[in-house]
Amino acid sequence: MRFAKIDWALAGVLAAMAIGVTACGSSSSTSSSSVPTSIGSGEGQLNLVAWEGYAQPEWVKPFEASTGCQVHAKYAGSSDEMVTLMRQGGGSTYDMVSASGDASLRLISGGNVAAMNVALVPEWKNFIPQLQSPSHNTVNGVHYGISLQWGPNVLLYNSSKVKPAPTSWESIYNPKYKGAVTVPANPIQIADAALYLSKTQPSLGITDPYELTESQLNAAVALLKQQRPLVKKYWTAAADEVELFKNGDAVIGAAWPLQTNNLQAAKVAVNELIPTQGATGWADTWMLSAHAKHPNCAYKWVNWVSTPKVQAEQAISFGETPANTKACPFMEQIKQGSCVKYHANAPSAYFESIKFWKTPVKDCGNGKTDCTDYSVWQKKWTEITA
Amino acid sequence: MNAAARTHASAALYRRPWLRAALLLSAPSGWFVLIYLGALFLLFLSALWSVDAFSGKVVHSWTLANFETLIKVPAYRTIALRTIGIAAAVTVTDILLAVPFAFFAARIAPKRLQAALFVAVLIPLWSSYLVRVFAWRLILAKDGILNWFLGNIGLGSLNIGYSNWAMWIVFSYIWLPFMILPVWAAIERVPDSFLEASADLGAHGWRSFRLVLLPLILPGIVAGSIFTFSLTLGDFITPTLVGGAGSTFIGNVVYQEVGISNNVPFAAAFATVPLVVMGIYLLIARRLGAFEAL
Amino acid sequence: MIGTGRWSRVAFAVWAGLIILFLFFPIVIIMLYAFNPSNVQSWPLSGLSTRWFSSTWNNTEVRQALSLSLRAGLLATGIAMVIGTMAAFAVDRFRFFGRQAVSLVLILPIALPGIITGMALNSFISFNNLTFSLLTIVIGHATFCIVVVYNNVLARLRRTQSSLIEASMDLGADGWQTFRFVTLPMIATALVAGGLLAFALSFDEIVVTTFTAGAQNTLPIWIFAHIRNGQQLPQVNVVVLFVILVSLIPVALAQRLTRDTGALRSGARAPAAGAAPPAGPARAAGAGAIS
């Protein structure tokens with residue numbers, strides 16, 4: 001291709017622009033550190049980044065009617081996606097995010113979320129103590145969000161096609177179900193493999209599935225690479241997995257209780273369980289963007305979803321456990337036996353048994369500084385699923 | 001502006017063509033240089049930067065780490081080869097489907113039928129891409145029309161719903177009109193006399209096709225292949241909708257890295273792969289005269 | 001000679017018929033699904049019904065997405081018509097440095113894979129701390145719509161005689177009057193055709209839009225999200241039917257308007273200059289500008 005003079009001139013202009021740009025560097029945005037003392041009137045709109053099932057019409061419609069805040073929910077399939085969405089466009093696109101423990105600290109350290117005033121959320125006093133100021137959303141005594149609900153990652157299976165009923169995570173690593181397994185398309189899934197290995201190969205010395213040395217990580221990655229030919233599709237959205245089970249493309253996999261509820265409602269014969277090796281899980285927090293355009297609506301929302309009735313509705317709809325201890329009677333009203341089923345009445349022991357999502361970091365405490373950090377997990381995950 | 005001033009300005013502009021040119025070019029070049037080219041340049045520059053894993057902020061220090069990762073980690077090679085491989089398969093498929101069709105349309109069909117065929121090829125071209133991919137997702141699903149049909153004729157069922165096979169079928173379908181049009185145009189341009197002469201000299205059917213027609217329409221075929229190849233190379237929607245576990249494309253990784261991992265530098269680095277591949281392809285295509293056949 | 005024998009004519013005709021069937025089959029199927037009475041997507045359909053049409057129309061998200069798509073399309077088309085025409089005039093009327101480069105640069109947004117254009121614009125927007133909104137969507141769409149208008153207007157300008165312009169000026173019209181009364185009517189139909197094609201392109205675009213939209217959805221983004229969401233599939237089917245019909249109308253009109261340039265006959269440039277393809281960028285329109 002002949003390069004006309006204009007092309008060289010153009011290149012020169014662009015080069016100059018590039019140099020100018022790098023010299024300037026990126027503008028740093030400072031978030032306001034002052035916390036509001038009262039909730040003003042609603043701004044008429046609320047943009048949320050949420051997990052699927054967290055903004056159901058059942059409790060969104062009454063909220064919109066009473067506060068006038070029109071809710072727009074953007075569903076994200078993973079914590080990574082939530083973090084990216086909250087950082088997009090200077091951070092002002094969305095007002096709130098239902099961040100799990102593996103996203104919350106990243107958002108806090110990135111300056112993407114604002115401190116919240118728990119005094120403005122009266123129901124906070126009724127939360128289980130473990131979720132009032134947990135380390136994943138409270139740093140140095142400052143609250144960066146209001147806990148919402150929590151739950152496990154379960155083993156989901158088609159009860160008419162998988163016999164006998166599975167009891168161990170081993171089933172999703174078993175060639176018996178080749179081409180019919182589905183697991184989340186999420187690097188944090190490595191922790192699930194690590195959890196399984198911590199019980200089946202204790203010699204590896206894995207104590208915390210999120211604190212993995214390089215050799216421990218490699219063992220988990222090897223297991224997942226073995227699993228790869230068994231996987232039909234890595235699901236990115238909960239609905240993907242629902243569809244896979246509905247049309248029979250998958251018969252066993254890792255899921256959230258939401259999928260079980262949706263499939264059972266669609267009359268598909270599925271069942272879930274927490275296998276013998278235990279489960280990873282998530283504890284979600286509604287966090288407020290540091291550049292939120294509708295903070296009043298945000299506070300109204302957080303108040304609304306913290307009330308016992310809405311906590312109950314969401315818990316049953318999704319299949320998770322509410323943070324609010326007063327939700328139990330409401331849950332029993334909606335569905336008998338749900339309090340026990342979702343451990344809302346005796347949460348402590350169950351709480352301790354779940355390995356909640358958290359971002360793997362290099363310096364994992366207790367003097368260990370050689371843990372692999374999340375960027376390594378992400379790279380390994382791409383290797384596994386390529 | 002009163003008439004006199006207008007006439008004055010108009011005359012002044014008429015006498016200074018460079019000024020008219022400059023004014024006309026100001027908006028387009030401003031838009032493109034400031035917005036598009038600037039963004040593009042910055043994007044590929046950022047391939048040489050990196051991202052801090054925890055805070056997500058771009059670190060503006062020059063590094064070749066992204067490219068090193070691309071070369072060293074086999075996963076990306078697998079993804080790139082898969083993308084290129086399927087793009088090539090789709091291209092070949094479309095050539096095989098399009099050439100006989102174009103021959104019929106250009107040389108055998110009567111005039112009125114030709115016009116109808118032309119419209120018939122344009123309609124799918126203009127029907128929404130997303131819609132057509134969605135249609136195939138429904139057709140190839142386990143409980144979709146394909147398996148229903150195969151079941152009815154006793155051939156059991158195929159499990160190709162989320163797989164590379166599904167992607168191959170869908171891509172070949174979607175880009176077929178892009179291949180048909182230039183090939184049709186190319187065949188139309190071949191004078192009857194060439195083929196008559198070839199027959200007179202004793203070559204029939206396949207021989208005539210291979211030795212006379214094919215070389216003449218090759219630029220048209222290559223022109224069509226530019227579309228099918230390049231469009232497949234950059235796509236991520238079809239792999240997401242009809243692809244399975246082993247169907248990740250370059251486009252998916254790019255989309256992932258930008259939309260989920262927020263690692264734009266790495267995405268930009270990986271995006272240079274389709275760029276380079278297409279650059280080479282276009283150079284070859286130019287040599288083969290494809291640009292005149294577009 | 002190839003294709004003259006009886007059997008070969010039949011064989012070719014059968015092949016052509018099969019190809020046409022292949023091309024239309026998925027479109028017909030998906031249009032049928034809009035009338036699926038059940039919310040399960042399996043085949044065969046249990047009947048035909050329009051029961052989902054009203055709930056789709058009443059779905060505020062759908063109406064908002066439609067409104068956003070329409071607004072983005074109209075704005076982007078407007079911008080593209082102005083800028084594309086300016087560029088076409090510059091290239092047709094004048095010889096200047098980089099005249100070749102202009103054509104090449106204008107088709108880049110559609111010649112490069114959509115993800116690259118999308119990524120570049122996304123970085124640009126983030127870097128300048130703009131909010132992702134209607135404005136950013138319009139910037140994205142206008143960027144690749146410009147070439148569609150450019151090609152159409154340029155093709156028309158190449159057919160018009162400059163002697164008409166000179167005659168007009170000889171008769172005493174100044175630059176503006178000549179433009180208004182002579183030039184504009186000459187390019188009007190090409191301009192409108194280009195605009196219609198640009199609108200159709202923008203209405204259907206998803207790749208670049210994914211990278212440049214914020215909290216709101218255009219219709220294609222809504223469709224994409226809900227195909228995977230799986231909870232409102234019947235409504236997706238209805239929306240999809242609507243989108244097919246809407247995309248075809250501007251194109252049909254554009255073809256009528258540019259019929260005089262032989263766009264209907266399969267001339268080499270005609271499909272290239274006239275028909276700009278959806279989603280995957282308008283390669284043909286772009287290609288028309290390369291050589």
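## Exercises on a predicted three-chain model

Across the interface of chain C and chain B, one salt bridge is found (a side-chain nitrogen of Lys or Arg within 4 Å of a carboxyl oxygen of Asp or Glu). This is a predicted model, in which local features need pLDDT of at least 70, side-chain atom pairs count only at pLDDT 80 or more, and totals for chains, interfaces and linings use all residues. Residues are numbered from 1 along each chain as its sequence is written, chains are lettered from A and ligands numbered from 1 in the order in which they are written, and side-chain values use heavy atoms, with hydrogens and water left out.

**Exercise 1. Describe the interface of chain C and chain B, beginning with its salt bridge.**

Step 1. Find the partners: Arg6(B) pairs with Asp174(C), and their closest N and O atoms are 3.5 Å apart.

Step 2. Turn to the side of chain C that touches chain B: helix H1 (residues 6–33) of chain C supplies the largest share, 16 residues. Helices here are DSSP runs of H or I with at least four residues, strands are runs of E with at least two, and both are numbered from the N terminus.

Step 3. Sort the residues of that side: 76 are nonpolar, 16 polar and seven charged. In this scheme Ala, Val, Leu, Ile, Met, Phe, Trp, Tyr, Cys and Pro are nonpolar, Asp, Glu, Lys and Arg are charged, and the others, Gly among them, are polar.

Step 4. Take the contacts (heavy atoms within 4.5 Å): 99 residues of chain C meet 96 residues of chain B.

Step 5. Add the buried area, meaning the accessible area (1.4 Å probe) that two parts lose on being put together, summed over both. Between chain C and chain B this comes to about 9000 Å², with carbon and sulfur atoms giving 82%.

**Exercise 2. Is Thr218(C) buried or exposed, and which residues does Thr218(C) touch?**

Step 1. Place the residue: Thr218(C) sits in the loop between helix H9 (207–212) and helix H10 (219–229) of chain C.

Step 2. Apply the cut-offs: buried means under 20% relative accessible area, exposed over 50%, partly exposed in between (1.4 Å probe, protein chains only). Thr218(C) has a relative accessible area of 2%, so this residue is buried.

Step 3. List the neighbours: not counting residues up to four places away in sequence, Thr218(C) touches Ala65(C), Leu68(C), Ser69(C), Ile137(C) and Thr209(C).

**Exercise 3. Look at the backbone of Asn140(A), His343(A) and the Lys163(A) to Pro164(A) peptide bond.**

Step 1. Recall the background: most residues other than glycine have a negative phi, and most peptide bonds are trans.

Step 2. Asn140(A) has a positive phi of about 55°. Asn140(A) lies in the loop between strand E5 (138–139) and strand E6 (142–143) of chain A and is exposed, at 75% relative accessibility.

Step 3. His343(A) also has a positive phi, near 55°. The loop between helix H12 (338–341) and helix H13 (347–353) of chain A holds His343(A), which is partly exposed at 28% relative accessibility.

Step 4. The bond from Lys163(A) to Pro164(A) is cis, with omega near -5°.

**Exercise 4. Which element of chain A has the lowest mean pLDDT?**

Step 1. Begin with the whole chain: mean pLDDT (the predictor's confidence in each residue, from 0 to 100) is 87 for chain A, and 91% of its residues reach 70 or more.

Step 2. Helix H1 (residues 5–24) of chain A has the lowest mean, 43, and strand E10 (residues 252–255) of chain A the highest, 96.

Step 3. Where pLDDT is low, the predicted coordinates should not be read in detail.
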